[in-house]
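Let's take a friendly tour of this chain, moving from its overall make-up to its helix packing and then to its pockets. Please keep the sequence and the 3D view at hand.

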Amino acid sequence: MAEPDPRRTLDQALTSLIAMKAARDGEHTVTDQAIGEHIGKSRTTVWKLRTGQERNPKIETLEALARFFGVKVTYFLDDGKAAVADEQLESLAAARRLQEAAERGGVTGINARLGSLSPESLLAVARLIEQLDTPEP
C-alpha cells in the first residue's frame with residue numbers, strides 16, 4: 001500500500017499564509033475579494049485556489065500571490081523553503097507583538113534594539129512578554 005504524499009498542497013499553503021496575514025494585518029486584508037484585487041484575479045479564482053478547487057494555477061498567479069504575502073514563489077513549491085519562510089514570518093509577528101506590548105507600557109525605542117536580536121531571541125522575548133501579559137488567576 002502506497003504512503004500518502006505528506007507534501008503540503010497549494011490550498012494548505014494559502015491557508016497558512018492567510019492565517020498569518022490575518023493575525024498581523026486583520027481579517028479584512030485576507031478576504032477573497034481583497035486578495036483578488038491585489039493579485040489581479042477574481043475573488044472566485046482566489047476562492048478556488050484557497051479551497052483546493054483549482055490546483056494548477058499559472059506561474060504568474062503564484063508569483064502574484066507570493067508578492068502579496070511577502071514570500072518567494074518557492075513557498076508554494078518547496079516545503080523546506082516554506083518552513084523557513086513560516087519561521088521568518090512568525091519572527092516578524094513576534095517582533096510586532098513585542099512592539100505593541102512595549103508601546104502599551106509606555107516603552108519607546110524598542111524597535112531600535114530589535115534589529116540586533118536573533119529570531120530565537122525575538123521569539124523568547126515575545127513569549128516572555130505574552131506570559132507577563134497574561135492575567136493571573
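The report below goes through the fold, three helix pairs and two pockets.

## Overall make-up

Please keep in mind that this is a predicted model. The chain contains 7 helices and 0 strands, and read from the N terminus its elements follow the order α-α-α-α-α-α-α. Measuring tape aside, the C-alpha trace extends over about 50 × 40 × 35 Å along its principal axes.

Two packed helices are described by the angle between their axes and by the distance between those axes. The next three sections take the pairs in turn.

## H1 against H5

Start with helix H1, residues 10–25, and helix H5, residues 79–104. Their axes lie 10 Å apart and make an angle of about 10°. Angles under 35 degrees count as roughly parallel, and H1 and H5 are therefore roughly parallel to each other. Their crossing is left-handed.

Which residues make this contact? From H1 come Ser 16, Leu 17, Met 20, Arg 24 and Asp 25, while H5 brings Asp 86, Leu 89 and Arg 96. Sorted by class, the contact of H1 with H5 holds 4 charged residues, 3 nonpolar ones and 1 polar one.

## H1 against H4

H1 also packs with helix H4, which covers residues 59–69. Here the axes come within 11 Å and cross at roughly 25°, so H1 and H4 are again described as roughly parallel to each other. The crossing in which H1 passes H4 is left-handed.

On the H1 side you will find Leu 10, Leu 14, Leu 17, Ile 18 and Lys 21, and these meet Leu 62, Leu 65, Phe 68 and Phe 69 of H4. The contact of H1 with H4 comprises 8 nonpolar residues, no polar residue and 1 charged residue. Leu 17 is worth a look in the viewer: this H1 residue takes part in the contact with H4 and also in the contact with H5.

## H2 against H4

How do the axes of H2 and H4 lie, roughly parallel or roughly perpendicular? Helix H2 spans residues 32–39, and its axis comes within 9 Å of that of H4, with a crossing of roughly 110°. Angles of 65 to 115 degrees count as roughly perpendicular, and H2 and H4 therefore belong in that class. The crossing of this pair is right-handed.

Ile 35, His 38 and Ile 39 are the H2 residues in the contact, and Ala 64, Leu 65, Phe 68 and Phe 69 are those of H4. By class, the contact of H2 with H4 has 6 nonpolar residues, 1 polar residue and no charged residue. In H4, Leu 65, Phe 68 and Phe 69 take part in this contact and also meet residues of H1.

## The two largest pockets

The largest pocket holds about 290 Å³ of space. Its lining consists of 15 residues, and those nearest the centre are Arg 7, Arg 8, Thr 9, Leu 10 and Phe 76. The lining divides into 7 nonpolar, 2 polar and 6 charged residues. Leu 10, in this lining, is also one of the H1 residues that meet H4.

For the second largest pocket the volume is about 180 Å³. Its lining residues include Gly 70, Val 71, Lys 72, Thr 74 and Tyr 75, and also Lys 81, Val 84, Ala 85, Gln 88, Leu 89 and Leu 92. By class there are 6 nonpolar, 3 polar and 2 charged residues in this lining. Leu 89 lines this pocket and is also one of the H5 residues in the contact with H1.

Conventions: Residues are numbered from 1 along each chain as its sequence is written. This is a predicted model: local features need pLDDT of at least 70, side-chain atom pairs count only at pLDDT 80 or more; totals for chains, interfaces and linings use all residues. Side-chain values use heavy atoms; hydrogens and water are left out. Axes are lines fitted to C-alpha atoms, for helices over the stretch in contact, and angles run from 0 to 180 degrees between N-to-C directions. Helices (H or I, at least four residues) and strands (E, at least two) are DSSP runs, numbered from the N terminus. Angles under 35 degrees count as roughly parallel, over 145 as roughly antiparallel, 65 to 115 as roughly perpendicular and the rest as oblique. A crossing is left-handed if the near helix is turned anticlockwise from the far one by less than a right angle, and right-handed if clockwise. Contact means heavy atoms within 4.5 Å. Ala, Val, Leu, Ile, Met, Phe, Trp, Tyr, Cys and Pro count as nonpolar, Asp, Glu, Lys and Arg as charged, and the others, Gly among them, as polar. On a 1 Å grid over the protein atoms alone, a cavity is a set of points where a 1.4 Å probe fits but cannot get out, and a pocket is an open set with protein on both sides within 12 Å along at least five of seven lines; lining residues have an atom within 4 Å of a point. Grid points are joined across faces, edges and corners, and a volume is the space filled by probe spheres set on the points.
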